[in-house]
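Colleague: Please put the chain up, and I will ask about it piece by piece.

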Amino acid sequence: MQLLRTLGWLACVVYCTIPAFWLMVHPRVHHWRARPRSPFRVLVPAWICMWIGMGLLTGPWRKLALYATAWTWIPAAVLFIAGIYLYSRSGAHFSWSQLGGLPELRNNVRADNQNQRLVTTGIRARVRHPVYLGHLCEMLAWSLGTGVAVCWLLTAFAIATGAVMIRMEDAELEKRFGEDYRQYRLAVPAVLPRI
């Protein structure tokens, strides 16, 4: 059980830094594009430093469990499966580089933007940001299954920073796709799909 708690804590440490990484990149995308060398030489080590920092900050409490029951792994398994399903559906009509945000960091982004199109079909007909919903499902699964207090706090942190990230990403997409995105945003929820 302790191994699962440690794995859950480590997974939540990494997942909770995804919005912070996004916020490090996108508000300063022009700065990163202007660099003569790949921005990933700075961004990837900075992201790893976020993991280490968050791990050091939360590590002392990683063994503090709110509860310890095996049955919580049943709903956690459902959340894991939902997250994996969302990840698999999110890749439709997107390349790995698009899912990772690489086109935004390339110098030839203007040429890439001409080839980009707003995808509103498949899973994106129900939720605008299915990858982030997948992240949330995975974090909730680890938090629920392990019962570790820090996992729940890291999930709450990810939700708070993720909300800021989604607002900024929506503004960026509206600027890129205009009225089409405004209509899409009105029709489709950001993260929690309508039933």
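Colleague: How much area does the chain expose, and what share of it do carbon and sulfur atoms supply?

Modeller: This is a predicted model, in which local features need pLDDT of at least 70, side-chain atom pairs count only at pLDDT 80 or more, and totals for chains, interfaces and linings use all residues. Residues are numbered from 1 along each chain as its sequence is written, and side-chain values use heavy atoms, with hydrogens and water left out. Accessible areas come from the Shrake-Rupley method with a 1.4 Å probe, and for residues only the protein chains shown count as cover. The chain exposes about 11200 Å², and the carbon and sulfur share is 67%.

Colleague: How many helices and strands are there?

Modeller: Both are DSSP runs numbered from the N terminus: helices are H or I, at least four residues, and strands are E, at least two. The chain has eleven helices and zero strands.

Colleague: Which residues of α2 are buried, and how do they lie around the axis?

Modeller: Buried means under 20% relative accessible area, exposed over 50%, and partly exposed in between (1.4 Å probe, protein chains only). In α2 (residues 18-25), the buried residues are Ile-18, Pro-19, Phe-21, Trp-22 and Val-25. Their arc, taken from the directions from the helix axis to the C-beta atoms, is only 160 degrees, so they lie on the same side of α2.

Colleague: Why is α9 described as largely enclosed?

Modeller: Helix α9 covers residues 130-146, and Gly-147, with a positive phi near 75 degrees, follows α9. The helix is largely enclosed by the rest of the structure because, of its 17 residues, the number buried is 14.

Terms used:
The expected span of a helix is 1.5 Å times one less than its number of residues.
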